[in-house]
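The following exercises concern the protein shown below. Each task is followed by a solution that proceeds step by step.

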Amino acid sequence: MAQLPPSQSTEVPTREQIQQELEDNEKLIKAILENMNAGKLQACAGYQKKLQQNLMRLASIADAQPPPVAGPDPSNVPSANVTNPATTH
């Protein structure tokens, strides 16, 4: 049986795995900038390709998440009818 590429895997990554991928992306961005500043534009291509793959994977993970559950609408919550004892006679 063929293994699915990471972008098509049905396995849900842990927070630690996502954090690691974000840190890897930070390193890739720094490498891209360093190579661009050094005039090594050809060297940037591999880093850019890997960064693009990582970003697409993270986007697909985010898209697969259920929408957040909205809390109660504050306008529909009855307010407590509390009187301030200092203002009562």
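**Exercise 1. Compare the span of helix H2 with the span expected for its number of residues.**

Step 1. The 24 residues of H2 should span 34 Å at 1.5 Å a residue, since the expected span of a helix is 1.5 Å times one less than its number of residues.
Step 2. The end C-alpha atoms of H2 are 35 Å apart, which agrees with that expectation.
Step 3. Helix H1 may be treated in the manner just shown: with 23 residues, H1 reaches 33 Å from its first C-alpha to its last, close to the 33 Å expected at 1.5 Å a residue.
Step 4. For reference, helices (H or I, at least four residues) and strands (E, at least two) are DSSP runs, numbered from the N terminus. The protein has 2 helices and 0 strands.

A note on the model is needed before continuing. The model is predicted, so that local features need pLDDT of at least 70 and side-chain atom pairs count only at pLDDT 80 or more, whereas totals for chains, interfaces and linings use all residues. Residues are numbered from 1 along each chain as its sequence is written, and side-chain values use heavy atoms, with hydrogens and water left out.

**Exercise 2. Identify the buried residues of each helix and state what they pack against.**

Step 1. Apply the classes: buried means under 20% relative accessible area, exposed over 50%, and partly exposed in between (1.4 Å probe, protein chains only).
Step 2. In H1 (residues 15–37), the buried residues are Glu21, Asn25, Leu28, Ala31, Ile32 and Asn35.
Step 3. In H2, the buried residues are Cys44, Leu51, Asn54, Arg57, Leu58 and Ile61.
Step 4. The buried residues of H1 pack against helix H2 (41–64), and those of H2 pack against H1. Contact here means heavy atoms within 4.5 Å.
Step 5. For the protein as a whole, buried residues make up 15% of the 89 residues. Among contacts between residues at least 6 apart in sequence, 50% join residues at least 24 apart.

**Exercise 3. Find the salt bridges and describe where their partners lie.**

Step 1. Use the criterion: a salt bridge is a side-chain nitrogen of Lys or Arg within 4 Å of a carboxyl oxygen of Asp or Glu. By this rule the count is 2. In general, side chains of opposite charge can pair when their charged atoms come close.
Step 2. One salt bridge joins the side chains of arginine 57 and glutamate 21, at 3.1 Å from N to O. This pair links distant parts of the chain, with arginine 57 in helix H2 and glutamate 21 in helix H1, 36 residues apart.
Step 3. Classify these partners: arginine 57 counts as buried because its relative accessible area is 18%, and glutamate 21 counts as buried because its value is 10%.
Step 4. Lysine 30 forms a salt bridge with glutamate 26, the closest N and O atoms being 3.5 Å apart. Lysine 30 and glutamate 26 are separated by about one helical turn because they are 4 residues apart in helix H1. An α-helix has 3.6 residues a turn, so residues three or four places apart point the same way.
Step 5. Lysine 30 is partly exposed, with a relative accessible area of 47%; glutamate 26, at 44%, is also partly exposed.

**Exercise 4. Determine which residues make the nonpolar surface patch and which helix supplies its largest share.**

Step 1. State the rule: patches are made of residues with over 30% relative accessible area and no salt bridge, like charges being joined within 9 Å and nonpolar side chains (Val, Leu, Ile, Met, Phe, Trp, Tyr) within 5 Å.
Step 2. Ile29, Leu33, Met36 and Leu41 make a nonpolar patch of about 380 Å². Accessible areas come from the Shrake-Rupley method with a 1.4 Å probe; for residues, only the protein chains shown count as cover.
Step 3. Helix H1 supplies the largest share, 3 residues. Isoleucine 29 lies in H1 and is partly exposed, with a relative accessible area of 41%.
Step 4. Leucine 41 is found in helix H2 and counts as exposed at 56% relative accessibility. Leaving aside its neighbours within four places in sequence, leucine 41 is in contact with Asn35 and Met36.
Step 5. Just after H1, glycine 39 takes a positive phi of about 80 degrees.
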